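Me: I'd like to go through the contacts in this model and ask what each label rests on. Here it is.

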Amino acid sequence: MKTIKEINEKIKRGDVVVVTAEEVIDLVEKKGVRKVAEEVDVVTTATFGPMCSSGAYFNIGHSKPRIKLGGGVCKLNDVPCYTGFAAVDIYLGATAIPDDDPRNKVYPGEFKYGGGHVIHELVAGKPVYLEAIAYGTDCYPRKKLATAINLKDINEAVLFNIRNCYQNYNVAVNLSDKMIYTYMGALKPNMGNANYCSAGQLSPLLKDPYYKSIGIGTKIFLGGGVGFVAWHGTQHNPSIPRKDNGVPKVPGGTLAVIGDLKQMKAKWLAGESMYGYGATLAVGIGVPIPVLNEETIKSAAVKDEEIWTQVINYAHDYPQCIAGSLAEVNYSQLKSGKITVQGKEVPTGNLSSYSKAREITEILKSWIVKGDFLLSESVAPLPSVESGYSFKPLKESPSIS
Amino acid sequence: MISRKIVLHFPQVLVDQPIVYKLVKDFDLQFNILKASVTSGQEGLMVLELTGKKENFDKGIEYLKSCAVLIEPLSKDVIRDEEKCTHCGVCVPVCPVDALVVEPQTRKIIFENKKCIACELCVKICPPRAMEVRF
């Protein structure tokens, strides 16, 4: 049994032992859980993929004379921001797109540029053009603003993603006879391809299935900088079916994360365009798991062939909200390049970059080994299985009475 | 007289050489540059419409080959922006000719330009839009 405090002392002394979520698998196979739990102090996990519920808030500073953006309209490189705050606070969501983008009117739309791209450009140090219209008040008389802004000159720039880092995800196929364009990518007719989106054995919440280590306040690698777990993510769903190793068989937990955008790097926050679907942001997240006991190591050493997920028909069942899986497959099968669904061999593609996730586990490891990154104690746990917390569908009612 | 559109790839060492000039002077060929990207110290790419007598045309092509210029008939050339590619791999099952494959050890996506038939299926579905068509 170790404590986070003891591990931090080792980090400061320079004798901490850190391994990546891949390395721990081999170590446990060679030495067994008990030995590895004694020897290893931290396991680094990571993921890099499109995460649509991402965005950033900014305080752009006060103009002279002052303007109140709240209740007005504000755009960054033509992409609309949310202004429903005080005078110069705005929030830009990853999927926001310019008002004149044709969307899917010319189907399938290209969605070449959106909020995710603006965030990427800001982080890359590029200026972006802000245009705003306000209604004017006695204390904030100005009604129009048009100016280039850049990340270093504005006050706060904070990445605040309300749902990232899904604990497992669906495999998407198309059983119809036409091509479909989804957030899981373009899906060829008659199961021409099967797309998945997870770093599998590297992914943070798959290596801490019951959220025993990752909680509110956990310090993380976020977009190349340092961030924190702010809350459980939206749609967090611990009450789902799990395998004997505790790993969910369907999408389970999620994280809401926050961090200073000014420290982040463009390489780890990429604007993306899902053809026929929309714009988004690919986010790189790395989470250290302190090895407090044997159970931590047992969970962290779970490998691709022990992580299972469901194959879902995105031509019908997903859009119609109909439960049902066409097949259960594991990440080792998915990574082999083909899976078998209903007797048919289907080639697979990943939306999540395994190589980038691996790179993040290495970077986070080097930060910890060098003493640049101390672990934090979580201040409150994420809702787990015993909480009864679950994800509900919308109850629609025709009126508010 | 024949007229063909061709794509020339110049290795780095040839970029500073007056190769197109030779085609005119020694082989009496007319040229029309459709696209050129020739920067000193880097690989060069040029799309030419080349017109002349069949005999001279063939000699001109032989000359280019002897200079180690890679010649392709003009279709289109798909290239990958290495900075934009995140190596996710969603393009892999979409490519009809296995020009995009996962390298099993690094899990990076290899793009074999030689196999590419420029069908452009990957171009639009690439989330970071790393695949580009060059004419």
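Me: How do you know which residue pairs are in polar contact across the interface of chain B and chain A?
Reply: The rule finds nine such pairs there, both residues at pLDDT 80 or more. A polar contact needs N or O atoms within 3.5 Å; within protein, one must be able to donate a hydrogen and the other to accept it, and residues adjacent in sequence count only if both atoms are side-chain atoms. The pLDDT condition is there because this is a predicted model: local features need at least 70, side-chain atom pairs count only at 80 or more, and totals for chains, interfaces and linings use all residues. Side-chain values use heavy atoms, with hydrogens and water left out, residues are numbered from 1 along each chain as its sequence is written, and chains are lettered from A and ligands numbered from 1 in the order in which they are written.

Me: Why is the meeting of A:Glu110 and B:Arg129 called a salt bridge?
Reply: The term asks for a side-chain nitrogen of Lys or Arg within 4 Å of a carboxyl oxygen of Asp or Glu. Here the N to O distance is 3.6 Å, so the pair qualifies. The count between chain B and chain A is one salt bridge.

Me: What makes residues of chain B count as touching chain A?
Reply: Contact means heavy atoms within 4.5 Å, and 17 residues of chain B meet that with 26 of chain A. On the chain B side they split into eight nonpolar, five polar and four charged. Nonpolar here is Ala, Val, Leu, Ile, Met, Phe, Trp, Tyr, Cys and Pro; charged is Asp, Glu, Lys and Arg; the others, Gly among them, are polar.

Me: How much area is buried between chain B and chain A?
Reply: About 1,800 Å², with carbon and sulfur atoms giving 55%. That's the accessible area (1.4 Å probe) the two parts lose on being put together, summed over both. B:Pro93, B:Arg107 and B:Arg129 supply 34% of what chain B buries against chain A, more than any other three residues.

Me: And inside chain A, what makes domain 1 and domain 2?
Reply: An automatic or database domain assignment sets the bounds: 4-52 + 159-386 for domain 1 and 55-158 for domain 2. Between them they bury about 2,000 Å², 63% of it on carbon and sulfur atoms. A:Leu261, A:Lys262 and A:Ala279 supply 29% of the area domain 1 buries against domain 2, more than any other three residues. There are zero salt bridges between these domains, but 15 residue pairs are in polar contact, both at pLDDT 80 or more.
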